[in-house]
Amino acid sequence: MDKKGTLVVISGFSGAGKGTVSRALVERYGYRLSVSATTREPRNGEEDGRDYFFKTEEDFLRLIDYNGFIEYAKYVDHYYGTPRKFVEDGLKEGQVVILEIEVQGAMKIKQQYPDAVLLFITAPSIEVLKNRLVGRGTEKPEIIEKRMRRAAEEAESIGLYQYIVCNEEGKLEECMNTIHSIIESESCRVSVRSEFINSLKDGLKEYQ
Ligand code: 5GP
């Protein structure tokens, strides 16, 4: 039984917990998480090649020229991009590939991969969101302000996503189960199973 890969885009406000949710999904279900390239500085504890491929702006721009990204965007002063090969290989192998990217990138993915599943993860309220950003302690106050302003812009695009999932405090399990169910259902869509459907039709030809 053929199974085309499923491309899943997870976006959400900074501080919504996308990273935690995505990593947990990878661990539990064996999904593949794309590692992006970025020109921003590594945060404490972040590792090159695991959290991001940290690049100079010059290297990043060169990768754009080589068509090395399936999408890239500028987010709060820095470039972020999804390396092409990992995604294309994963989908060819029939894997679920997760991209944890912001809104502009998500829209570019939807144009190129109309079957991609677009999820928007949010905290239950803006108050919780801001507390999480402040509590994380990884960003300076002016950066937190910029990220909140960006969240206000991003909120305008939520309607372009297919699903909105709330990541409530202490309910990671629930959030993961919801996302897993969405992914499972999406991979059963008739429109993404054309090869399988054709193989069934082929098998039934002698009965026509
Ligand atoms: P952070 O600096 O907090 O790690 O990420 C900032 C934002 O960039 C987040 O919304 C994150 O989802 C997004 N992002 C990370 N990687 C990519 C990418 O490859 N492409 C795009 N368009 N956005 C990304």
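Select α1 (18-29) to begin: with 4 residues, this helix gives the most to the lining of the largest pocket. The coordinates belong to a predicted model.

Next, add the other elements that border this space. β1 (6-12), β5, β6, α5 (126-136) and α6 (141-155), like α1, each supply at least two residues of the lining of the largest pocket. Display the pocket itself as a surface, if the viewer permits; about 1,100 Å³ of space lies within the largest pocket. To find its centre, select K18, G19, R43, E100 and R136, which are the closest to that point among the 42 lining residues. Colouring the lining by residue class then gives 17 charged, 14 polar and 11 nonpolar residues.

Now turn to the ligand, which sits in the largest pocket. Two elements give two or more residues to the shell around the ligand, namely β5 (69-75) and β6 (78-83). Both strands were already selected above, as each also supplies at least two residues of the pocket lining.

Show the side chains of the shell next. The ligand has 16 residues around it, and those that come nearest are S36, R40, Y52, Y80 and E102. Coloured by class, the shell contains 7 charged, 4 polar and 5 nonpolar residues.

Three of these side chains merit a distance label. Which atom of the ligand lies 2.6 Å from a polar side-chain atom of R40? The partner of R40 is an oxygen atom of the ligand. Move to Y52, where a polar side-chain atom is placed 2.5 Å from a ligand oxygen atom. Finish the set with E102: an N or O atom in the E102 side chain is 2.6 Å from a nitrogen atom of the ligand.

As a last view, show the ligand and the protein together as surfaces. How much of the ligand's accessible area does the protein cover? On its own, the ligand has 510 Å² of accessible area, and the protein covers 95% of that area.

Definitions and conventions:
Residues numbered from 1 in each chain as written. Predicted model: local features only at pLDDT ≥ 70, side-chain atom pairs only at ≥ 80, totals over all residues. Heavy atoms only, no water. Near = heavy atom within 4 Å. Polar contact = N/O pair within 3.5 Å; in protein donor to acceptor, adjacent residues only side chain to side chain. Areas by Shrake-Rupley, 256 points an atom, 1.4 Å probe, with all protein chains shown as cover. 1 Å grid on protein atoms, 1.4 Å probe; cavity = no way out; pocket = protein on both sides within 12 Å on 5 of 7 lines; lining within 4 Å. Sits in = over half its atoms within 2 Å of the grid points. Nonpolar A, V, L, I, M, F, W, Y, C, P; charged D, E, K, R; others polar. Points joined across faces, edges and corners; volume = space filled by probe spheres on them.
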